[in-house]
Amino acid sequence: MATPQENARAAERDRGLRAVSSWTWAAGLGGVGLTGAIAVLAAGSFSGHQATAAAAAGPAPTVSIDPSNPDNTTPTQPQSAPQGSLGGSSQPPAAVSGGS
Amino acid sequence: MLAAADFRSLGTGARVVTAGAAALDVALAAVKKLLVDVDEACSRFRDDSEISQLNRAAGRAVRVSPLLFLAIETGLRVSRMTGGAVDPTVGTAMRIIGYDRDFAELPADGKFTLAVRPVPGYERVRIDHARRTVTLQPDVELDLGASAKALAADLSAQLASEAAGAPVLVSLGGDIAVAGGPPPSGWPVLIAEDSAAALDSPGEVVSIKAGGLATSSTTVRRWRQQGIERHHIVDPRTGAQARVYWRTVSVVAANCVDANAAATASIIWGPDAVPWLEDHRLAARMVRANGEVVRLSGWPAAAVAV
C-alpha cells in the first residue's frame with residue numbers, strides 16, 4: 001500500500017518520536033492527561049481496549065473513565081492551569097489567540 | 001527581549017516566540033520539523049498522509065506510526081473528556097458540509113447537500129496499544145483537526161524549548177502552548193476573534209506562564225455552500241454545524257490539548273458549557289453571539305492594549 005518513499009518517511013518519524021519517550025515533559029503533561037498517550041511512545045506495551053462511552057448529549061459527567069488505561073480507573077478530565085499562571089497584562093502582545 | 005518568527009503550517013498561521021533572540025533559530029527549526037511530521041501523519045487534506053491511508057483502510061487493523069497513534073489516542077481522550085462533543089469521527093460530516101480540502105482552496109460557494117447525520121462516534125475506533133494498530137469501522141472517517149493542531153503546539157513547544165534551552169511559545173492558528181518557564185512577566189497574548197489579527201489590534205491582553213491557551217470561534221474559517229453560510233465546528237450529535245450561542249470561546253488549561261477541547265466543546269454545548277468549565281476550574285472568556293463577554297474561573301478582567 002505505502003510506497004518505499006512513504007515507508008522511509010514513516011520510519012524517520014518513528015525514530016523522531018522515539019526521542020519523545022525520553023522527554024522530561026512527559027512527567028509534567030502526564031499529570032494532566034496525556035499519560036497514556038506518552039506511555040505508548042515510551043513502552044508501547046498496553047493491551048488493547050475498545051473505547052466506549054455514552055453518546056454525546058451535553059457536557060461530560062464530572063467523573064469519566066479512560067478505557068485506554070490498563071486498570072480502567074483513571075479519570076479523564078481536563079486539567080486546569082497551575083494557579084497564578086493566568087493574569088492580565090499591559091505588555092505588548094507576543095502572540096494572538098483567536099479562531100482559525 | 002522576545003524574538004519571534006512567523007510562517008504557515010497545517011493550513012494556518014504559525015508563530016514561534018523565544019525569550020532571547022539567540023534561541024529563535026534552534027527553536028524554529030525544531031518546531032518546523034515536528035510540524036512537517038504532523039502534516040504527513042495527520043492531514044486529511046493530503047491524499048498521501050498516513051491518516052488518509054488509514055481512512056481508506058476502514059474495516060481492518062492498520063499499524064500506524066507512533067505520532068499518528070499518539071494523535072488518535074489524544075483525539076479519543078478528548079472525546080471521552082467532552083462526552084463526545086469533540087469527536088474525531090467527524091471526517092465524513094466535514095466533507096458533507098463542504099469542508100473537504102485545505103480551507104484556502106474551498107470554493108466561494110460550493111455544491112449543496114442535506115445529507116447530514118450524527119457522526120459514527122469515537123467508540124467505533126479501536127486501538128491496540130501492544131500492536132500500535134488502529135481499526136476504523138467501515139463507515140468511520142477520522143478528522144483529527146483541532147486536537148492534532150493543539151497536540152502539535154504542545155509537543156513542538158516542549159521540543160523547541162529543550163532544543164534551544166530557553167522558554168518558548170508556539171502558536172498554531174491561535175492555539176498556544178508555552179514551555180521552558182515563562183519570561184519574568186509571563187507571555188502576553190492578545191485575545192481576538194481571529195488568530196490572524198494584527199498584534200497591534202485593540203483587544204484584551206492576558207499573560208500566561210504555563211500550559212496552553214486556545215480559542216475556538218465560529219466567526220472565522222467560514223464559507224458558503226449554495227448561498228448558505230457555513231462554519232467549521234460540527235456538532236457530532238447532528239453532523240451539522242454547531243448552533244451559534246457562543247461565537248468565540250477562549251480557555252486556559254494545563255496544556256493546549258485540554259484548552260482546545262474545552263473551547264470547542266463549549267461552542268457546541270452553548271449555555272451548558274458554563275457549569276462544566278466552572279466545575280473543572282478552567283479559566284474561560286466566552287463571547288455570546290451578540291458580543292457580550294462572559295469571564296469564568298478567574299479569567300482576568302479586561303486589560304486593553306492600546
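Two strands count as paired if DSSP finds at least two bridges between them. In this predicted model, that criterion is met across the chain boundary: strand β2 of chain A, residues 86–88, is joined to β10(B) by three bridges, and the two strands run antiparallel. Within this pairing, A:G88 stands opposite B:V206 of β10(B).

Strand β10 of chain B spans residues 203–208, and five of its six residues are buried, leaving the strand mostly covered. A partner from its own chain is strand β9 of chain B, residues 187–194, which pairs with β10(B) in the antiparallel sense over five bridges. Here B:V189 is the residue that stands opposite B:V206. B:V206 thus faces A:G88 as well as B:V189.

Chain B also contains an open sheet of eight strands, with antiparallel pairing and the order β1-β2-β7-β8-β11-β14-β15-β16. Its edges are β1 (2–9) and β16 (293–296) of chain B, each of which pairs on one side only. From one strand to the next, the twist averages 10°. At one end of this order, β1(B) and β2(B), the latter covering residues 12–19, pair in the antiparallel sense over eight bridges. One of the residue pairs involved is B:L2 with its bridge partner B:A19 in β2(B). In a regular strand, side chains alternate between the two faces of the sheet.

Two helices of chain B lie across this sheet. Helix α1, residues 24–42, lies across β1, β2 and β7 (168–172) of chain B and runs at about 150° to β2(B). Helix α5, residues 145–164, lies across β2, β7, β8 (175–179) and β11 (212–217) of chain B, at about 155° to β7(B). Strands β2 and β7 of chain B are therefore crossed by α1(B) and also by α5(B), given that contact is assigned where C-beta atoms placed from the backbone lie within 7 Å.

Helix α1(B) has a further neighbour in helix α3 of chain B, residues 66–81: the two axes come within 9 Å and cross at roughly 75°. Because angles of 65 to 115 degrees count as roughly perpendicular, α1(B) and α3(B) are described as roughly perpendicular to each other. The contact brings B:D37, B:V38, B:A41 and B:C42 of α1(B) against B:L67, B:L68 and B:A71 of α3(B). By class, these comprise six nonpolar residues, one charged residue and no polar ones. An α-helix has 3.6 residues a turn, so residues three or four places apart point the same way.

Further along chain B, helix α6 comprises 14 residues, 256–269, and reaches 20 Å from its first C-alpha to its last, close to the 20 Å expected at 1.5 Å a residue. All of this helix is covered by the burial criterion, as 14 of its 14 residues are buried. After α6(B) comes B:G270, with a positive phi near 70°.

Positive phi values also occur in chain B at residues other than glycine. B:R281, in the loop between α7 (273–279) and β15 (283–288) of chain B, has a positive phi of about 55°. B:R281 counts as partly exposed because 15 C-beta neighbours lie inside 10 Å. B:S297, in the loop between β16 and β17 (304–305) of chain B, has a positive phi near 50°. B:S297 likewise counts as partly exposed, because 17 C-beta neighbours lie inside 10 Å.

Terms used:
Residues numbered from 1 in each chain as written. Chains lettered and ligands numbered in written order. Predicted model: local features only at pLDDT ≥ 70, side-chain atom pairs only at ≥ 80, totals over all residues. Helix = DSSP H or I, 4+ residues; strand = E, 2+ residues; numbered from the N terminus. Axes fitted to C-alpha atoms, helices over the stretch in contact; angles between N-to-C directions. Buried ≥ 20, exposed ≤ 12 C-beta atoms within 10 Å, placed from the backbone. Parallel < 35°, antiparallel > 145°, perpendicular 65-115°, else oblique. Nonpolar A, V, L, I, M, F, W, Y, C, P; charged D, E, K, R; others polar. Expected span 1.5 Å × (residues − 1).
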